[in-house]
Amino acid sequence: MTGLLTDLMHDRADHLDAPDLDLARITRDGDRRVRRRRTALVGGVAASVAIGVIAVPSLTGDGDGAARDLVADGTAAAPVPLSWTTGSTLRRAGAPDVDLGVDVRAWVWVGDAIALTDDERRVLLWTDGVLEEVGTAAKPDPDDAELVADGARVAWVDPDRRLVLLDTTAGETTTQDVPGAGDVRITALDGDIVYAVGGDGVLAWDIRTGEIEVLDPSGEGIVIDAEDGTLLRALPGRRARVEGPGRDLTLTTDSFANLSPGGAHVVAESNDEGILLDTSTGERVPLATGYDWALPFQWLDGDAVAVLAFSFGEDSEETFLVRCVVSTGACDEGEPLEPGFQLPAGLHFGG
């Protein structure tokens with residue numbers, strides 16, 4: 001998860017922390033839609049409409065710009081609750097708050113445990129109230145994930161440019177040097193395969209054999225996400241492609257997309273709106289969130305998705321986290337998010 005989603009989160013963090021918005025923060029190429037939404041907000045206009053009543057975007061359009069850097073958000077195979085953190089506090093819908101013992105910078109669910117980084121970029125594992133240091137993460141670019149998880153495994157890049165994978169079930173840590181020069185980042189994790197970009201291009205590291213396969217020497221065909229062998233890969237021109245058994249879908253994306261466990265569905269931001277698509281048919285799946293602007297962004301299980309939603313007033317906005325069920329389109333009442341929240345997406349929101 002990166003690009004416009006993180007721009008959006010930086011934008012929201014700015015707005016929630018101070019009423020005088022710093023427009024200079026949104027300056028990168030491709031951010032015209034975010035700037036337009038923010039300008040409309042400052043002017044007291046609700047710039048977006050509720051998901052489910054907007055026209056379906058083209059699934060095969062050529063787009064109007066180069067593909068942005070893309071990264072998966074750490075979809076876990078095991079069901080996880082609707083959750084977020086503020087400071088050191090873990091908050092879960094319908095459950096008591098928990099003090100994790102350290103202020104959270106970035107975090108992901110790893111089965112029933114939590115992997116997180118702190119301000120020193122220590123990688124910490126929280127399990128049943130016990131906090132253990134398990135490594136150190138390299139300093140990433142602001143829009144890149146620090147942690148990527150899948151089931152009981154979590155991966156990161158250490159300060160020595162090595163790929164690191166921790167299997168929490170086996171209690172084993174595996175590392176792999178990356179050939180070539182330059183920055184390295186992990187973009188997806190699918191079972192025994194760690195997908196990364198850097199050095200010699202787009203890479204796939206098989207932890208069983210220790211071999212690294214170069215999937216794309218140009219470094220452009222980034223594996224955004226991978227689930228049970230179904231790949232979501234970046235294409236030029238604001239597009240991404242779902243490739244897998246029975247699936248061959250090209251969609252327009254502003255920079256963010258994420259497969260469901262098993263790859264049956266994909267969520268994305270496309271043409272300044274959140275979308276949910278069936279990867280076998282390409283059909284749009286509507287979600288009855290009831291909010292002014294909504295983005296399904298992370299899978300809680302195979303049939304439930306977390307949605308980041310916004311309600312706009314003339315001079316204010318409120319941010320919510322919502323659980324929606326794909327098979328019915330029904331959504332629970334949203335959980336209000338306070339300033340400083342962090343989502344279980346593996347990267348740090350808010351600057």
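Two strands pair if DSSP finds at least two bridges between them. The model in these exercises is predicted.

**Exercise 1. Strand order in a sheet**

Task: Find the bridge partner of W205 in β15. Then place β15 in its sheet.

Solution.
Step 1. Start with the pair of strands. β14 covers residues 201–206 and is joined to β15 by 5 bridges. The two run antiparallel.
Step 2. Look across from W205. Its bridge partner in β15 is I212.
Step 3. Widen the view. The sheet is open, has 4 strands and follows the order β12-β13-β14-β15. Its pairing is antiparallel.
Step 4. Check the edges. β12 (184–190) and β15 (211–216) each have a single partner strand, so one side of each lacks a neighbour in the sheet.
Step 5. Add the twist. On average, neighbouring strands of this sheet are turned by 25° against each other, direction ignored.

**Exercise 2. A covered strand and its hairpins**

Task: How many residues of β21 are buried? Which strands pair with it?

Solution.
Step 1. Count the covered positions. In β21 (residues 265–270), 6 of 6 residues are buried.
Step 2. Split them by face. One side holds H265, V267 and E269. The other holds V266, A268 and S270. Both faces are covered.
Step 3. Take the pairing with β20 (residues 257–259). It is antiparallel and has 3 bridges. Here A257 stands opposite A268.
Step 4. Inspect that hairpin. It has 5 residues between the strands, and G262 takes a positive phi near 90°.
Step 5. Take the pairing with β22 (residues 273–278). It is also antiparallel, with 6 bridges. S270 has E273 as its bridge partner.
Step 6. Inspect the second hairpin. It has 2 residues between the strands, and N271 takes a positive phi near 55°.

**Exercise 3. Salt bridges around R122**

Task: Which side chains meet R122 in salt bridges? Is R122 buried or partly exposed?

Solution.
Step 1. Take E120. Its side chain meets that of R122 at 3.8 Å, N to O. The cut-off for a salt bridge is 4 Å, so this pair qualifies.
Step 2. Take E133. Its side chain meets R122 at 3.7 Å, N to O. E133 lies in β7 (residues 130–136) and R122 in β6 (residues 122–127), so the pair ties together parts that are 11 residues apart in sequence.
Step 3. Compare exposure. E120 is exposed at 60% relative accessibility. R122 is partly exposed at 27%. E133 is partly exposed at 45%.
Step 4. Look beyond R122. D97 and R91 form a salt bridge at 2.5 Å, N to O. D97 is partly exposed, at 46%.
Step 5. Finish with the overall picture. The structure holds 17 salt bridges. One network, joined by shared partners, contains R153, D167, D192, D206 and R208.

**Exercise 4. The nonpolar cores**

Task: How many residues does the largest nonpolar core have, and which strand gives the most to it?

Solution.
Step 1. Read the size. The largest nonpolar core has 45 residues. Those with the most contacts inside it are L100, I114, L116, F297, L321 and L343.
Step 2. Trace the strands. β4, β5, β6, β23, β24 and β25 each supply at least two residues.
Step 3. Pick the top contributor. β24 gives the most, with 8 residues.
Step 4. Zoom in on L116. Beyond its close sequence neighbours, its contacts include L100, V102, W107, V123 and L147. R122 from Exercise 3 is also among them.
Step 5. Note the other core. A second, separate core has 23 residues, including A188, I193, Y195 and V266.

**Exercise 5. Aromatic pairs**

Task: What is the geometry of the W107 and W109 pair? Which residues form one cluster with W293?

Solution.
Step 1. Get the count. There are 4 aromatic pairs.
Step 2. Classify W107 and W109. Their ring centres are 5.8 Å apart and their planes stand at 65°, so the pair is edge-to-face. Both residues are buried.
Step 3. Classify W293 and F310. This pair is tilted, with 6.0 Å between centres and 50° between planes. W293 is in β23 and F310 in β24, so the pair ties together parts that are 17 residues apart in sequence. W293 and F310 are both buried.
Step 4. Complete the cluster. W293, F310 and F312 form one aromatic cluster.

Methods. Residues numbered from 1 in each chain as written. Predicted model: local features only at pLDDT ≥ 70, side-chain atom pairs only at ≥ 80, totals over all residues. Heavy atoms only, no water. Axes fitted to C-alpha atoms, helices over the stretch in contact; angles between N-to-C directions. Buried < 20%, exposed > 50% of the residue type's maximum accessible area, 1.4 Å probe, protein only. Core = buried A, V, L, I, M, F, W, Y, C linked by side-chain atoms within 4.5 Å. Contact = heavy atoms within 4.5 Å. Phe/Tyr/Trp six-rings, centres within 6.5 Å; stacked < 30°, edge-to-face > 60°. Lists of a residue's contacts leave out its neighbours within four places in sequence.
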